[in-house]
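Please look through the structure below with the sequence beside you, and follow the explanation one region at a time.

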Amino acid sequence: MLCQPRIVIVGGGISGLATAHYLHRRLGADVQLSLVEAGPRLGGKIATEQFGGHLVDVGPDALMVRAPVAAALIEDLGLSDLVVAPAGSGARIWSRGALRRLPAGTLFGIPDRLLPLMKSRLLSPLGLARAALDVVLPTRAALPEDPTIAELVRPRMGGQVFDRLVDPLLGGVHAGRADELSARSTAPDIEALGRANRSLYLGLRRRRRNAPKPAGTGGAALVTLVGGLARLIDALADRVAGDDVRLGSAAVSVTRDENGTGYLVALEDGTVFPADAVVLAIPAFVAAGMIAAEAPDLAAALGGIPYVDVATICLAYPHSAVAHDLDGTGFLVPPEEGRLIVGCTWSSVKWPHLADENTVLIRCMVGRRRDQRWVGFDDDTLVSQVHAELVEAMGLTGRPTEQHIERWPQGMPQYVVGHQARLAAAEEALGRLPGIRLTGSAYRGVGLASCVADAERTADSIAQVLSDARARSEASA
């Protein structure tokens, strides 16, 4: 072990950059850190572009500051003055030919108030009656060890709550289908409610009564930054400016060195980095390819995490094309509707700093598990299809004046049933590879805040590994 341990981070997205940030906080200058990124820039899916006269996020557009680590990171990076909370009156659901208000008081679509659910007209009278049965139905039979969201919700509240509320909300976040997603991995709060309470409705009411409000953002759970989330990436990049940061450098393998005590990270151009510790902050399938020769069991576990293609379509419309004032932040679309659009954000309504007298900015997401119809479309065809659906949903009367498309092949990991078992197999394999760690959206949360939290845990773990190795080295000297 060198006096200055050598750490290589593979991946320059939010996970890799945040890991580097936390490593410097733990280890100070007492580390040689190299960060290699296959792409031409840092930030991964976080990307901010000039669009419609504004700086608009064309990837993720919000950070959940209800997670304390995310709020702390914003403050630590000196970005607190740039925080913007969303405006608008909540989201809508496009269901049965109309945009219907998402009922107040829901957790991923599970209601804890019947009156807003009734007013929303999302459910038929029969669907409402079926949902209300949750209060009186007896305790369910034992749940599977790793139930799907559907197995938790359908038996208690019926198919309409699941199809028209839960599936679009959870499926929208994960670009997945809630009848395949693992409840334990994607919505542990719902799983906990289902296991601890006879009634989901009553359990959620108790949970909400006891839940603290997020602090420091006016109660907002999700925020963005003036100038876009690229400001977050820029601030993190400044923290690693003194490190060896290499763009356009694809890593191809990680193997043990000849002594068996460290690692060699090989790049596509033939460069080889010696390392005491390696962080793989890249998609699971990429990590699987890098580690396959050294640890085929780890590669098999990582290769079992499925991904789907997604895309973000940003459209700018003149105000005259929007027939009515937009009331809300956007809408979600249940899979049962058969639309391409998974979710739509009215960006210039949701975010006050994007408000514009002349232009309405709209972001749409397409792509989810079992619906990849759009993948073969060229950009103009994709925009035309999305525009046609917006016309039907919103009554638009004009064409977009500007468009921007970001395609993310294999962009969203899917936490399908068995995800925890795959993670457990990966952790067991990593136990035989001291100094190698995995972090990123494929493992413990797809949101930016989850990635930041996992990066902090990863940095703590690496710092502990290096500290233990140094102690052993000194004891044997």
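Arg 121 sits in the loop that joins helix 3 (114-120) to helix 4, and in this predicted model its phi is positive, at about 60 degrees, although Arg 121 is not a glycine. Is Arg 121 buried or exposed? With a relative accessible area of 61%, Arg 121 is exposed, because the cut-off for that word is over 50%. A second arginine can be read in the same manner: Arg 96 lies in the loop between strand 7 (91-95) and strand 8 (98-101), and its phi, near 55 degrees, is again a positive value in a residue other than glycine. Arg 96 has a relative accessible area of 38% and is partly exposed.

From these loops we can turn to helix 5, which spans residues 149-157 and whose buried residues are Ile 149, Ala 150, Leu 152, Val 153, Arg 156 and Met 157. These residues lie on the same side of helix 5, because they cover an arc of only 165 degrees around its axis. It helps here to recall that an α-helix has 3.6 residues a turn, so residues three or four places apart point the same way. The elements that cover the buried residues of helix 5 include strand 10 (110-111), helix 4 (125-132), helix 6 (159-174), helix 7 (183-186), helix 8 (188-196) and helix 9 (200-210). Just after helix 5 comes Gly 158, which takes a positive phi of about 90 degrees.

Helix 8, one of the elements covering helix 5, can be examined in turn, and its buried residues are Ile 190, Glu 191, Leu 193 and Gly 194. Seen down the axis of helix 8, these residues fall within an arc of 160 degrees, so they line one face of the helix. The buried residues of helix 8 pack against strand 9 (106-107) and strand 10, and also against helix 5, helix 6, helix 7 and helix 9.

The next step is to consider helices in pairs. Two packed helices are described by the angle between their axes and the distance between the axes. For helix 2 (residues 68-76) and helix 16 (residues 448-476), the angle is about 85 degrees and the axes are 8 Å apart, and helix 2 and helix 16 are therefore roughly perpendicular to each other. Where they meet, helix 2 brings Val 69, Ala 70 and Leu 73, while helix 16 brings Ala 449, Val 452, Ala 453 and Glu 456. Sorted by class, the residues of this contact of helix 2 with helix 16 are six nonpolar, no polar and one charged.

Another pair is formed by helix 12 (residues 296-303) and helix 15 (residues 419-430), whose axes come within 9 Å and cross at roughly 160 degrees. Helix 12 and helix 15 are therefore roughly antiparallel to each other, and their crossing is left-handed. The contact involves Asp 297, Leu 298, Ala 301 and Leu 302 from helix 12, together with Arg 422, Ala 425, Ala 426, Ala 429 and Leu 430 from helix 15. Those residues divide into seven nonpolar, no polar and two charged.

Within helix 12 we can finally follow one residue, Leu 302, which is buried, with a relative accessible area of 1%. Which residues does Leu 302 touch, not counting residues up to four places away in sequence? They are Ala 284, Ala 287, Ala 288, Ala 426, Leu 438 and Tyr 443. Leu 302 and Val 286 are 16 residues apart in sequence, and from C-alpha to C-alpha they are 8.8 Å apart in space.

Definitions and conventions
Residues are numbered from 1 along each chain as its sequence is written. This is a predicted model: local features need pLDDT of at least 70, side-chain atom pairs count only at pLDDT 80 or more; totals for chains, interfaces and linings use all residues. Side-chain values use heavy atoms; hydrogens and water are left out. Buried means under 20% relative accessible area, exposed over 50%, partly exposed in between (1.4 Å probe, protein chains only). Helices (H or I, at least four residues) and strands (E, at least two) are DSSP runs, numbered from the N terminus. The arc is that of the directions from the helix axis to the C-beta atoms. Contact means heavy atoms within 4.5 Å. Axes are lines fitted to C-alpha atoms, for helices over the stretch in contact, and angles run from 0 to 180 degrees between N-to-C directions. Angles under 35 degrees count as roughly parallel, over 145 as roughly antiparallel, 65 to 115 as roughly perpendicular and the rest as oblique. A crossing is left-handed if the near helix is turned anticlockwise from the far one by less than a right angle, and right-handed if clockwise. Ala, Val, Leu, Ile, Met, Phe, Trp, Tyr, Cys and Pro count as nonpolar, Asp, Glu, Lys and Arg as charged, and the others, Gly among them, as polar.
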